[in-house]
Amino acid sequence: MNRSLKKIPLAALCAAMAAACAGGATDATITVDASKVEGSVTPWLYGACIEDVNHEIYGGLYDQRIFGESFEEPVPNPLFDDCSAYEGEWQVVGDELLCAAHAGAKLVYDPLEMAAGEVETELKFTRGGGGDNAGLLAGVSEPGNGADNFHGYEISLAADGRKVVLGKHKNNFTPIADAAVSCDPAQWNRLGFKTDGRTLQVFLNGACVLRAEDDDPVLARGRVALRTWNSEARFRNVKVTADGASRKLVFRTTPAVQVSRQWDAFSTGGAVAAYRHEAGDAYNGACSQSVEFVSGTGTVGIANAGLNRWGIAVRKGQMFEGRLYLRGSGDVVVALQSADGTKEYASQRITGIGAAWKKFPFELTAAAADGDARFALYLDRPGRVQADQVTLMSTGEDRFRSLPLRGDIGQAMVDQGLTFLRYGGTMINISGYRFKKMIGDRDKRPPYHGHWYRWSTNGFGIEDFLQFCEKAGFTAAFAVNIEETPQDMADMIEYLNGPVTSEWGRRRAENGHPEPYGVKYIGIGNEEVLFNGDRADEYDHYVERFNLLHDAIKGKDPSVKLISTAWWRADSPSMERTFRALDGKADYWDYHPWVDQLASGREVEAELRRMRELFLRWNPSTTMKCAIFEENGNRHDMQRVLGHVTLQNAVRRMGDFVLTSCAANALQPYRQNDNGWDQGQVFFTPSQVWGMPPYYAQQMAAAHHRPLTVGCGVEGADGVLDVTATRSREAGSVVLHIANTGAEPLRVGLRVDGMGKVSQARMVSLSGDLDAVNTPEEPRRIAPVGRELPARAAQTVDIAPYSYTIVVLDE
C-alpha cells in the first residue's frame with residue numbers, strides 16, 4: 001500500500017474519491033457528520049450596530065429632512081481670501097489661527113500645490129485629550145466636508161503631546177507610522193513635514209521623529225492644509241517651501257452673512273435683507289434665526305438643502321408635512337424649490353405670527369420631481385420674523401410603518417435579515433446624552449453637544465429606537481451613559497417596561513405607547529476605559545457606576561440583562577479584579593473586534609476562547625458570556641465580507657458563549673463619511689438605498705440560519721478555507737458556510753454523512769475583488785448568485801476566489 005494514503009483520514013479519502021467520481025481531482029475536501037451535534041448557533045448572530053455617527057440617524061434613518069433644525073449651528077466661518085474651510089470653526093486673531101474642537105475640520109490653502117517640498121506650523125492645544133490631535137495635511141486633493149473626505153497625508157500631534165502620527169487619507173484613513181514624543185502641548189511646538197515624492201519625514205521642534213517611504217501617485221502633488229481632530233488648537237507661522245521658493249501663509253478674512261451655517265440666505269428682485277443669528281430666548285435650544293425684509297420688492301429668506309446640502313429629493317405628487325415655530329411681524333411663505341430657487345414646486349403662506357413663539361404646521365405637495373430640491377422660508381413683503389425648530393418629513397408609504405423614519409432605509413434593514421440591533425457607541429459617552437431628554441414632544445427635546453456632530457438632535461432617541469425595532473421585528477439592545485443617576489435609570493426602566501398603572505408607565509402611555517416595550521438588553525456605557533489607556537482607577541470607577549445602575553435597574557425589573565462595556569484587555573492586571581466585581585451582575589461582557597483582515601475570524605476566535613478560558617479560570621461556575629456589540633473596520637468591500645463571515649464562523653464554533661455579533665455601521669450616507677469608519681452596510685442618498693457587499697453576506701447568512709453546529713473537517717487548500725456546518729433540529733437540512741480567503745478558485749469535494757437521502761441541493765455565492773464595492777450606478781455589482789446542485793450528499797463544487805459560499809442540502 002502507498003504510505004501516503006495511510007496519512008489521509010478515511011472520511012476525507014471517501015470524500016476525495018466521491019468528488020473525483022463526480023468531476024475530477026479536487027483542491028480540498030470538506031467532510032460533514034450531520035449526526036454529530038457540537039453546539040448551538042445563536043439566533044441573534046445577524047446583528048448590526050447603529051448610532052448617530054456618519055449621520056446614520058440625523059440625516060439618515062430619522063426622516064427629518066432639515067439638517068440644522070433648531071439653528072444651533074453658529075454662522076459660517078469668515079470667508080478666507082486664499083483658503084477653503086471644510087467644517088469647523090476657524091477664526092483669525094492677530095497672527096494666530098484658532099480652531100474649535102471638531103471631528104476632522106480642515107482649512108485648505110488653495111493657491112499653492114506642493115510635490116517635493118516642506119510645510120511646517122507652530123501649534124499649541126487649548127483643549128483636547130490623548131486620543132485627540134491636530135496638525136498638517138499635505139498632498140491634498142478632492143477635499144470636502146467630512147473627516148476623511150479628501151485625499152492627502154496627515155501629520156498630526158496628539159493633544160497630550162505624547163505621539164506624532166503619519167497617515168494617509170483616500171476617503172478613509174490608513175496609518176503609515178507613529179512615534180512616541182514628549183512635548184508640552186499647552187506651549188508652542190513646531191510640527192513639520194518634508195517629502196521628495198517618496199521619502200516622508202516628520203519633524204517636531206526641529207528634530208526628525210518619523211521617516212517612512214510612500215510613493216502613492218494620488219498623493220504625489222497637492223495642496224497643504226491645517227486640521228483638527230476633536231481638539232481645540234491654535235496655529236501660527238505656517239510656512240511652505242516648494243519649487244525652490246518659501247512663503248509664510250497669511251490668513252485674511254471677510255465676515256460671513258449672519259445665518260446659521262446649515263442654512264443659506266437668499267434674496268430676489270431688489271429686496272434688501274437683514275439677518276441675525278439670535279442667541280438666547282429661543283423656542284428650543286440656545287439659538288434661533290432672524291430674517292428681515294427691510295425694503296424693496298422681491299423675496300428675502302433662508303433655505304435648507306438637507307444633510308450637508310446634498311439636496312432634498314422630491315417626486316411629483318409626493319406630500320410632505322412639517323411644522324416650525326415663529327414670532328415677529330409679517331407673513332412667511334414656506335416652499336419646496338429647486339436648488340437655485342428659480343422653480344417652486346409647492347408653497348404655503350403662514351399668517352397670524354405674533355410676539356410670542358407659536359407652532360405653525362404646514363403641508364407641501366410637490367408639483368414636479370427634483371432630486372436636488374431645497375426647503376425655503378421667506379418673506380415677500382416688509383416684516384421681521386424669528387424662526388426655530390423647523391421640521392419637514394415625508395408622509396404615508398414613504399415612512400417606515402407609520403414611524404417618522406425613512407421607509408426605504410428601514411425596509412432595507414429588514415430585508416437584510418437582521419435579527420438583533422444595538423443602539424450605542426461613542427455618542428452615548430457625551431455628558432449631554434441622557435434618557436429623560438429623549439422622550440416626549442420632539443419639538444421640546446433639547447439639542448445636545450454630540451460627539452460625532454457638535455449640534456446633535458434628540459429627535460431620535462432610545463424610545464424611538466425601540467419603536468423602530470418593534471415594528472421591524474429586531475431584538476433590541478441599547479447603551480446608557482454611565483453617569484446617569486440611579487434614580488433616572490430606575491425611572492427609565494419603569495417608563496420602558498413598567499405597567500401603565502405606574503407613574504412612568506403612565507407617562508409612556510401619554511406619549512403614545514401604552515404597552516411596555518419589554519426591554520431585555522442594556523449596555524452600561526460604551527468602550528469604557530478605552531480612551532485614556534489601561535488605567536486601574538478608571539476600571540474601578542466603572543465598577544462603581546455599574547453597580548449603582550445595576551441595583552437601580554434590577555430593582556425595577558430583574559429580568560433585564562446587563563452588559564459590561566469595560567474595555568476588554570486580556571493581559572491587563574485590572575481584568576480579573578473587574579470580572580470578580582461584576583460577576584453575577586453583568587450577564588455579558590462587550591467585545592469590539594476589528595475585522596478588516598482576511599485572518600480576522602481566526603484572531604477573533606482565539607480571543608473569544610481566551611476570554612471564555614479566563615472567565616472559567618476566575619470562576620468555574622460563572623454564567624457570564626460575551627456580546628460583540630461592535631464588529632468594526634474601515635471597509636465596506638469584499639475584504640470586509642471575508643472578515644465578517646469568518647468572524648461569524650468563529651461565533652458559530654463558540655456555541656452559546658456569544659450572544660450576538662453586531663456589524664458596524666448599519667448605515668452610511670454616500671460620500672458623507674466624516675469620522676474614518678468607512679464601513680456602512682446600507683448606503684443611501686436622498687433618493688436611493690442600496691446594500692454594500694457585507695450587506696449581502698449578512699442577508700445570505702440570516703436567510704440560511706440553522707440552529708445547530710455539526711462535525712465538520714477540511715483537508716487541503718493551505719488553510720484558505722474557513723468552514724462551518726449547521727443543521728436543522730431534525731437533521732433534515734444541512735447548511736455549509738464556506739469562506740475562501742485565497743486568491744485562487746478551488747475545486748472542493750463535499751461529503752455529508754448522518755442525514756437521509758438528499759432530495760435537493762443548491763449553493764449561493766458572493767465573490768469579487770477584495771476592493772469591490774457597490775455604487776449608485778451599479779447597486780448590485782457585487783450580489784449573491786445562486787444555482788442548483790445535484791441532489792446528492794457527495795459531490796464536487798467550484799468555489800470562487802475571495803468568496804463566501806453557502807451550500808444547502810435538504811432531505
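## A salt bridge between domains

A salt bridge is a side-chain nitrogen of Lys or Arg within 4 Å of a carboxyl oxygen of Asp or Glu. D443 and R323 form one, with their closest N and O atoms 2.7 Å apart. That distance is within the 4 Å cut-off, so the pair qualifies. The model is predicted.

## Domain layout

The domain assignment splits the chain into four parts. Domain 1 covers 28–39 + 707–810. Domain 2 is assembled from 46–62 + 399–532 + 560–570 + 586–613 + 623–704. Domain 3 is 79–254, and domain 4 is 263–395.

## The interface of domain 2 and domain 4

The centres of domain 2 and domain 4, taken over C-alpha atoms, are 34 Å apart. Contact involves 18 residues of domain 2 and 17 residues of domain 4. About 1,400 Å² is buried between domain 2 and domain 4. Carbon and sulfur atoms contribute 53% of that area. On the domain 2 side, the greatest losses of area to domain 4 fall on R399, D443 and P686. Together these three account for 50% of what that side buries.

What polar links cross this interface? Two salt bridges are found between domain 2 and domain 4. Seven residue pairs are in polar contact between domain 2 and domain 4, both residues at pLDDT 80 or more. The side of domain 2 that touches domain 4 holds eight nonpolar, five polar and five charged residues.

## Cavities

How many cavities of 30 Å³ or more does the whole structure hold? The search returns eight. The largest cavity has about 150 Å³ of space. It is lined by 16 residues, with G59, Q64, R65, W310 and R406 closest to its centre.

Which domains supply the lining of the largest cavity? Domain 2 and domain 4 each give at least three residues. By class, the lining of the largest cavity has eight nonpolar, five polar and three charged residues.

The second largest cavity holds about 100 Å³. Its lining has 14 residues. Nearest the centre of the second largest cavity are A115, Y153, T195, L219 and A220.

## The second largest pocket

The second largest pocket offers about 640 Å³ of space. It is lined by 22 residues. K170, N171, H636, D678 and V773 lie nearest the centre of this pocket. The lining of the second largest pocket divides into four nonpolar, ten polar and eight charged residues.

Note on methods. Residues are numbered from 1 along each chain as its sequence is written. This is a predicted model: local features need pLDDT of at least 70, side-chain atom pairs count only at pLDDT 80 or more; totals for chains, interfaces and linings use all residues. Side-chain values use heavy atoms; hydrogens and water are left out. Domain bounds come from an automatic or database domain assignment. Contact means heavy atoms within 4.5 Å. Buried area is the accessible area (1.4 Å probe) that two parts lose on being put together, summed over both. A polar contact is a pair of N or O atoms within 3.5 Å; within protein, one must be able to donate a hydrogen and the other to accept it, and residues adjacent in sequence count only if both atoms are side-chain atoms. Ala, Val, Leu, Ile, Met, Phe, Trp, Tyr, Cys and Pro count as nonpolar, Asp, Glu, Lys and Arg as charged, and the others, Gly among them, as polar. On a 1 Å grid over the protein atoms alone, a cavity is a set of points where a 1.4 Å probe fits but cannot get out, and a pocket is an open set with protein on both sides within 12 Å along at least five of seven lines; lining residues have an atom within 4 Å of a point. Grid points are joined across faces, edges and corners, and a volume is the space filled by probe spheres set on the points.
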